[in-house]
Amino acid sequence: MTVEIDKNSGFCFGVVRAITEAERALSETGGEVFSLGDIVHNRMEVQRLEQAGLHTVTHDDMEHLAGRTLFIRAHGEPPTTFRRAETLGIRVVDATCPVVAKLQQRVVKAHERMEHEGGQVVILGKRGHAEVVGLTGQVSRPTIVVENEADLAAIDFARPIYFLSQTTQSIGLFEALGRRMRDMAADPEKVYIDDTICRRVSNREEHLREFARRFDVIIFVCGRKSSNGRVLFEACHATNPRSYNIEEPSELQAEWFEGAESVGICGATSTPEWLMRAVADSIQN
């Protein structure tokens, strides 16, 4: 049985940058840095960095971090977090992905425009996701977050709409919801659609569909918390029903490979290459 790892899977630029910054900070501080939330949505990589001294904390823990180093992950944070850290005397290492940082600025400008036009800002994203929390926290005015068509009921279609997206959402879903908004709007020309999906992530969907067609079995490796992982796994599964989603090698099941002559291994933008290699070794052994 042949086993192949997808060369285009694994950490995206933003995550690579965050991991590099975290390792540099650990080296500079002698091995003690506090990450505000999981540095990536991958339990195995988080555990690896924890062993090096990266501690995961919450906003509630910030009161006890005076004089310490706080790490802001690629997902970004609202301005209130940075102001609070400064007040508490916490050193901040900001590893916000540049793509996310630009989107944060666009959210602010969208609100300024909609305030002038009497409209509303809508973001396609997962409620509670760190990136979405950071985006909606850029301004004090409310932002409507939608996850699917049913959520469009929260929008006032008599008013202008400015529609953006979390960087890792599906292009297909974003475009479909944009069309639906224009169908429902009192004035379709007042629905401004701003595609803010990261192409370094979204382009992986079509690539993974092609990759999934080439193998009898697909093993998709990603953390349970990864929104990007869910989207990409669905792209694989829709193409190849013998696609299985795991977080670590111990979850592999022998019956998945019965009669298979080829196995493809791929993952999310938060999946480390070393973990995909460990899965490949487990299958081959």
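**Chat about a predicted protein chain**

Modeller: Let me start with one residue: leaving out residues up to four places away in sequence, F71 touches A18, E21, A22, V33, F34, S35, L36, I39, V93 and A95. Contact here means heavy atoms within 4.5 Å.

Biologist: What kind of model is this, and how are residues numbered?

Modeller: This is a predicted model, where local features need pLDDT of at least 70, side-chain atom pairs count only at pLDDT 80 or more, and totals for chains, interfaces and linings use all residues. Residues are numbered from 1 along each chain as its sequence is written, and side-chain values use heavy atoms, with hydrogens and water left out.

Biologist: Back to F71. Which residues have the most contacts inside the largest nonpolar core?

Modeller: They are I19, V33, I39, V40, L54 and F71, in a core of 19 residues. A nonpolar core is a set of buried Ala, Val, Leu, Ile, Met, Phe, Trp, Tyr and Cys residues joined through side-chain atoms within 4.5 Å. Buried means under 20% relative accessible area, exposed over 50%, and partly exposed in between (1.4 Å probe, protein chains only).

Biologist: Which elements give two or more residues to this core?

Modeller: Those are α1 (13-29) and α2 (43-51). The most comes from α1, with six residues. There is also a second, separate core of 17 residues, which includes V221, L252, V263 and M276.

Biologist: New topic. Where is V57, and is V57 buried or exposed?

Modeller: V57 sits in strand β3 (residues 54-57). V57 counts as buried because its relative accessible area is 10%. Helices (H or I, at least four residues) and strands (E, at least two) are DSSP runs, numbered from the N terminus.

Biologist: What does V57 touch?

Modeller: Not counting residues up to four places away in sequence, V57 touches F34, S35, L36, G37, L65 and L70. From V57 to V33 the distance is 10.0 Å, C-alpha to C-alpha, and the two are 24 residues apart in sequence.

Biologist: And Q104, which helix is that in?

Modeller: Q104 belongs to helix α4 (residues 98-117). Q104 is buried too, at 10% relative accessibility. Beyond residues up to four places away in sequence, the contacts of Q104 are H75, G76, E77, T96, G134, L135 and Q138.

Biologist: Now the whole chain. How many helices and strands?

Modeller: The protein chain has nine helices and 12 strands. Buried residues make up 53% of its 285 residues. Its C-alpha trace spans about 65 × 55 × 25 Å along the principal axes.
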